[in-house]
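Please open the model in your viewer and keep a selection box at hand. The stops below go from the whole chain to single residues.

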Amino acid sequence: MVGNLSFFNIICNCLVLNSRSMKRIGLLSDTHGYLDDRILEYLSECDEIWHAGDIGNVETAQKLTGTKPLRAVCGNIDGTELRHDFPERQSFCCEGVRVLIIHIGGYPGHYTPEARKEIISSNPKLFISGHSHILKVIYDPKYQLLHINPGAAGIQGFHQIRTLIRFTIDKELIKDLEVIELGRKGVISM
């Protein structure tokens, strides 16, 4: 009887662990030191925040970190303190999905040499970059990965509409992707 109870507990624990193998991700890039309440509101529904670089200042990173766990890379405008806190690239697993984030990485067919090298060596299923301020979600059949550039959430740059992306990683599936438009870049939201 004790053996069966122990086996039953193991099965229940596995079911609980499997039911929790889902994370809601809030993805943004190129905030350039600007976060409004709407951004934080959209991110509040997420389990983690990922930032693809050009955070802009330490205060922005602190606001994000104070909201949810933050995974970020530094971008080309980020100063010494942000470069100290955040690497140039991150490669990690989230719920069974290998992820690679590089600020300046390009996109399928137009990867930077560094990004191509990292993609080949780490074999991600999800490759995220920022920098261009151009929203892109593209499947790359050559490397069998999904590429996402969330556009720019900040108010500086040549983009017209500020954007961020939310999606779910459920076991090995990337699903429920939402593109969120935050308004025109010149309009500051409160």
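With the entire chain selected, the exposed surface comes to about 9700 Å², of which carbon and sulfur atoms supply 55%; accessible areas here come from the Shrake-Rupley method with a 1.4 Å probe, and for residues only the protein chains shown count as cover. This is a predicted model, in which local features need pLDDT of at least 70 and side-chain atom pairs count only at pLDDT 80 or more, while totals for chains, interfaces and linings use all residues. Residues are numbered from 1 along each chain as its sequence is written, and side-chain values use heavy atoms, with hydrogens and water left out.

Of the 190 residues, 45% count as buried, where buried means under 20% relative accessible area, exposed means over 50%, and partly exposed lies in between. Colouring by secondary structure should bring up 5 helices and 10 strands, taken as DSSP runs (helices H or I of at least four residues, strands E of at least two) and numbered from the N terminus.

Next, select strand E6, residues 126-129, which is covered on both faces: Leu-126 and Ile-128 are buried on one side, and Phe-127 and Ser-129 are buried on the other. Adding E5 to the selection shows a parallel neighbour joined to E6 by 4 bridges, two strands being paired if DSSP finds at least two bridges between them. Within this pair, Val-99 stands opposite Leu-126 of E6.

Follow the chain from strand E5 (97-102) towards helix H5 (113-122), and in the loop between them select His-103. His-103 has 2% relative accessibility and therefore counts as buried. A polar atom of the His-103 side chain lies 2.7 Å from the backbone oxygen of Ala-52.

Two further loops hold residues with positive phi that are not glycine. In the loop between E6 and E7 select His-133, whose phi is near 65° and which is buried at 10% relative accessibility. Then move to Lys-171, in the loop between strand E9 (161-170) and E10; its phi is about 55°, and Lys-171 is partly exposed at 42% relative accessibility.

Finally, show the surface and select Leu-135, Val-137, Leu-177 and Val-179, which make a nonpolar patch of about 270 Å². Strand E7 (135-140) and strand E10 (173-184) are the elements giving two or more residues to this patch. Patch residues have over 30% relative accessible area and no salt bridge (a side-chain nitrogen of Lys or Arg within 4 Å of a carboxyl oxygen of Asp or Glu); like charges are joined within 9 Å, and nonpolar side chains (Val, Leu, Ile, Met, Phe, Trp, Tyr) within 5 Å. Val-137, in strand E7, is partly exposed, with a relative accessible area of 39%.

Conventions: Buried means under 20% relative accessible area, exposed over 50%, partly exposed in between (1.4 Å probe, protein chains only). A polar contact is a pair of N or O atoms within 3.5 Å; within protein, one must be able to donate a hydrogen and the other to accept it, and residues adjacent in sequence count only if both atoms are side-chain atoms.
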